[in-house]
Amino acid sequence: MTILTVRTGSAPCVVDLTAEVAGFVRDLGDGLVNVFVPHATAGVAILETGAGSDDDLLTAIDDLLPTDNRWRHRHGSPGHGRDHVLPAFIPPHATLPVIGGRIALGTWQSICLVDPNGDNPTRQVRLSFVAG
């Protein structure tokens with residue numbers, strides 16, 4: 001297992017982890033890699049990045065889960081309760097096939113940390129591998 005420390009800052013963000021995960025599985029052969037975020041307010045998504053999809057995802061989260069006072073969970077910054085609902089929509093994990101030491105992603109797919117919570121500027125991401 002490897003633990004990555006990711007600086008996410010004070011604003012909602014999508015952080016591409018593909019290179020770090022690829023480096024972790026390099027030379028491990030065939031199997032499965034698990035990417036897990038041990039936080040109640042962040043998730044892991046597989047999506048295209050760099051063409052606006054990452055910003056579109058953050059906009060969709062804001063549309064679906066607005067940062068207003070509707071949330072019963074009220075500690076932290078205003079609307080923080082929505083951040084605790086996020087993992088029901090974007091889970092805190094992803095498991096991907098690895099073939100010959102390479103993640104079997106599609107052409108435009110990236111592995112991303114999704115963090116709408118500006119209250120926690122640093123996140124951990126745990127990478128583990130099961131040989132196949």
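1. A word to start with: contact means heavy atoms within 4.5 Å. With that in hand, look at asparagine 117, which touches Thr41, His80, Asp83 and Arg123 once residues up to four places away in sequence are set aside. Please keep in mind as you read that this is a predicted model.

2. Staying with asparagine 117, you will find this residue in the loop between β7 (110-115) and β8 (122-131). Is asparagine 117 buried or exposed? Asparagine 117 counts as buried because its relative accessibility is 1%, and the cut-off for buried is under 20%. One of the residues it touches, Thr41, also shares a polar contact with it: the two side chains are joined at 3.0 Å.

3. Now step back to the whole chain. The protein chain has 3 helices and 8 strands, and in sequence order they give the pattern β-β-α-β-β-α-α-β-β-β-β. The radius of gyration is 15 Å, close to the 14 Å that the globule rule gives for 132 residues, so the protein chain is as compact as a globular protein of that length. If you would like dimensions, the C-alpha trace spans about 50 × 30 × 25 Å along its principal axes.

4. Some totals help to fill in the overview. Of the 132 residues, 40% count as buried. The protein chain exposes about 7100 Å², and carbon and sulfur atoms supply 53% of that area. Among contacts with a separation of 6 or more, 81% come from residues 24 or more positions apart. As for charge, there are 9 positive and 14 negative side chains, with the centres of the two sets 8 Å apart.

5. Arginine 82 deserves a visit. You will find arginine 82 in helix α3 (residues 81-85), and it counts as buried because its relative accessible area is 3%, where the cut-off is under 20%. What does the side chain of arginine 82 meet in a polar contact of 2.9 Å? The partner is the side chain of aspartate 62. A polar atom of the arginine 82 side chain also lies 3.0 Å from the backbone oxygen of leucine 65. Beyond its neighbours within four places in sequence, arginine 82 is in contact with Pro12, Ile61, Asp62, Leu65, Pro66, Thr67, Trp71 and Pro116.

6. Leucine 17 sits in the loop between β2 (13-16) and α1. Leucine 17 counts as buried because its relative accessibility is 1%. Leaving aside neighbours within four places, its contacts are Val6, Val35, Ile111, Cys112, Leu113 and Val125. If you pick out threonine 59, 42 residues away along the chain, its C-alpha atom is separated from that of leucine 17 by 20 Å.

7. For a pair that is separated in sequence, try proline 87, in the loop between α3 and β5 (93-99). Proline 87 and valine 44 are 43 residues apart along the chain, and their C-alpha atoms are separated by 8.8 Å. Apart from residues up to four places away, proline 87 touches Ala40, Thr41, Ala42 and Pro92. You have met Thr41 already, as one of the residues touched by asparagine 117.

8. Next come some exposed residues. Arginine 74, in the loop between α2 (53-64) and α3, counts as exposed because its relative accessibility is 55%, and the cut-off for exposed is over 50%. Its C-alpha atom is 26 Å from that of aspartate 55, although the two are 19 residues apart in sequence. Methionine 1, in the segment before β1 (2-7), is exposed with a relative accessible area of 69%. Even so, methionine 1 is in contact with Phe24, Arg126 and Leu127, leaving aside its neighbours within four places. Between methionine 1 and aspartate 115 there are 22 Å, C-alpha to C-alpha, for a sequence separation of 114 residues.

9. One last residue to check by eye is aspartate 27, in the loop between α1 (18-25) and β3 (31-36). Aspartate 27 counts as exposed because its relative accessibility is 72%. What is phi of aspartate 27 near? The value is near 70°, which is positive in a residue other than glycine. Most residues other than glycine have a negative phi.

Terms used
Residues are numbered from 1 along each chain as its sequence is written. This is a predicted model: local features need pLDDT of at least 70, side-chain atom pairs count only at pLDDT 80 or more; totals for chains, interfaces and linings use all residues. Side-chain values use heavy atoms; hydrogens and water are left out. Helices (H or I, at least four residues) and strands (E, at least two) are DSSP runs, numbered from the N terminus. Buried means under 20% relative accessible area, exposed over 50%, partly exposed in between (1.4 Å probe, protein chains only). A polar contact is a pair of N or O atoms within 3.5 Å; within protein, one must be able to donate a hydrogen and the other to accept it, and residues adjacent in sequence count only if both atoms are side-chain atoms. The radius of gyration is taken over C-alpha atoms; the globule rule is 2.2 Å times the number of residues to the power 0.38. Accessible areas come from the Shrake-Rupley method with a 1.4 Å probe; for residues, only the protein chains shown count as cover. Lys and Arg count as positive and Asp and Glu as negative; His and the chain ends are not counted. The place of a charge is taken as NZ of Lys, CZ of Arg, CG of Asp or CD of Glu.
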